[in-house]
Amino acid sequence: MAFDGHDLNDYLQSAINVAKAGGELIIETFYKEKSIETKSSSADLVTETDKAVEKLIFSTLKNKYPQHSFIGEESVSDGEVVEYTNNATWMVDPVDGTCNFVHSFPTVAVSIGLTINKQAVVGVVYNPILNEMYTAIKGGGAFLNSKPIKVSGQTDLCKSLIIHELGSGREADKMEINRQNIHRVVQEGKVHGTRSMGSAALNMSFVARGAAEAYFEYGLHCWDYCAATIIVQEAGGCVRDPGGGEVDLMARRVIGGSSVKIVEDISKLITPIEYERD
Ligand code: IPD
Ligand code: CA
């Protein structure tokens, strides 16, 4: 599949291979004691494994695609400043669900997305612990372990299962708006239930596989939702900015759902939480 002169299949295969290699490092350390550091808050964690997996992914992909741009969670944390442009740009979260990883809670994922012209076109979300590999390229459909997946297609909010997150920030005012948002979705939306898996990439991939109807979050980062955005879109779902309009990977907010209707209905019920852009 070609996109703007790029061979997306080649990029996808490279992302799958390096996600598997990164996954091996996660498997090796998953049940061991980890050395943990905190970043922006007491709940924003990083381990040696996060850093090692990002290093592996970056060195492999940079070697193969020296002209491309790279944005990675741990490199940005270490102070790297990257300008986001129309260039082919890899967005990498080496361990999405680091808090889960720290607790040996098995929803963790290597998340590798690629944008071209600021559009997500390749996505790989790999949970090495449960051996689940979600993949998509623009125009090629979405897959779980090589089998096609589709969103549920549900349009009725009161028949929906909704995924949300508390996130890793601990500012009281933001947490309060989040709490009210979740409350409103449950009470006014009369949804079947809510879930939180502690990994934005897996939350969205669950919408893509039809296991939940929507996921929304404010305060996450581009590397958390870039890969899963194309996976949900290719599974027939709708991914938008919760304020309306197209998804904005730098806006630190996203809503993905099984239908436009579900996304619009939830967007009406939730209040924006302001974060500085990535
Ligand atoms: C976090 C996870 C979590 C989400 C946070 C993210 P990390 O990513 O995706 O589900 O609620 O906003 O920061 O830190 O585990 O890579
Ligand atoms: Ca991470």
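Me: Two strands pair if DSSP finds at least two bridges between them. With that in mind, what is the order of the strands in the open sheet of five?

Reply: Please note that this is a predicted model. The order in that open sheet is β13-β12-β14-β16-β15, and the pairing is mixed.

Me: Which strands are at the edges?

Reply: The edges are β13 (193–195) and β15 (238–240), each of which pairs on one side only. Averaged over neighbouring strands of this sheet, the turn of one against the other is 20°, with direction ignored.

Me: How do β12 and β13 pair?

Reply: Strand β12, residues 161–163, pairs with β13 in the parallel sense, over three bridges. One pair of bridge partners is L161 and G193, the latter in β13.

Me: Which strands does helix α5 lie across?

Reply: Helix α5 (residues 172–187) lies across β12, β13 and β14 (214–218). Its direction is at about 160° to β14.

Me: And which strands does α7 lie across?

Reply: Helix α7 lies across β15 and β16 (253–257), and runs at about 145° to β15.

Me: Moving on to β9: how many of its residues are buried?

Reply: Strand β9 covers residues 132–137, and six of its six residues are buried.

Me: What is buried on each side of it?

Reply: On one side the buried residues are E132, Y134 and A136, and on the other they are M133, T135 and I137. Both faces of β9 are therefore covered, where buried means under 20% relative accessible area. As a general rule, side chains in a regular strand alternate between the two faces of the sheet.

Me: How does β8 join β9?

Reply: Strand β8 (residues 119–127) runs antiparallel to β9, and six bridges join the two. Within this pairing, V125 stands opposite Y134, and V122 has I137 as its bridge partner in β9. The two strands form a hairpin with four residues between them. In the turn, N131 has a positive phi of about 50°.

Me: What about β9 and β10, parallel or antiparallel?

Reply: They run antiparallel, with three bridges joining β9 to strand β10 (residues 142–144). A136 has A142 in β10 as its bridge partner. This pair also forms a hairpin with four residues between the strands, and G139 in the turn has a positive phi of about 85°.

Me: Back to β8: what does it do with β7?

Reply: Strand β7 (residues 109–116) pairs with β8 in the antiparallel sense over seven bridges. In this pairing G113 stands opposite G123 in β8. Their hairpin has two residues between the strands, and N117 takes a positive phi near 55°. Strand β8 is itself mostly covered, with eight of its nine residues buried.

Me: New topic, the largest nonpolar core. Which residues touch the most other members?

Reply: The core has 37 residues, and those touching the most other members are M91, V125, M204, Y215, I231 and L249. At least two residues each come from β8, β9, β10, α6 (200–208) and α7 (222–234). Helix α7 gives the most, with nine residues. In general, nonpolar side chains in soluble globular proteins tend to be buried together.

Me: What does M91 touch?

Reply: Leaving aside residues up to four places away in sequence, its contacts include I71, Y84, C222, W223, C226 and L249. There is also a second, separate core of 32 residues, which includes F3, I57, A88 and V121.

Me: What holds the calcium ion?

Reply: The calcium ion (ligand 2) is coordinated by E73 through OE, by D93 through OD, listed twice, and by V95 through O, at 2.1 to 3.1 Å. In sequence the spacing of these residues is E-x19-D-x1-V. E73 lies in helix α3 (residues 73–77) and V95 in strand β6 (residues 89–96), so this pair ties together parts that are 22 residues apart in sequence.

Me: Are those two buried or exposed?

Reply: E73 is buried, with a relative accessible area of 12%. V95 is buried as well, at 1%.

Me: Last one: how many disulfides are there?

Reply: The count comes to zero. C158, for instance, is in no disulfide, and the nearest cysteine sulfur, that of C238, is 19 Å away. A disulfide here requires the sulfur atoms to be within 2.5 Å, so that pair does not qualify. C158 counts as partly exposed at 36% relative accessibility, and C99 is partly exposed at 37%.

Definitions and conventions
Residues are numbered from 1 along each chain as its sequence is written. Chains are lettered from A and ligands numbered from 1 in the order in which they are written. This is a predicted model: local features need pLDDT of at least 70, side-chain atom pairs count only at pLDDT 80 or more; totals for chains, interfaces and linings use all residues. Side-chain values use heavy atoms; hydrogens and water are left out. Donors are N, O and S atoms within 2.8 Å of the metal (3.2 Å for Na, K and Ca); water is not among the atoms, so sites may look incomplete. Buried means under 20% relative accessible area, exposed over 50%, partly exposed in between (1.4 Å probe, protein chains only). A nonpolar core is a set of buried Ala, Val, Leu, Ile, Met, Phe, Trp, Tyr and Cys residues joined through side-chain atoms within 4.5 Å. Contact means heavy atoms within 4.5 Å. Axes are lines fitted to C-alpha atoms, for helices over the stretch in contact, and angles run from 0 to 180 degrees between N-to-C directions.
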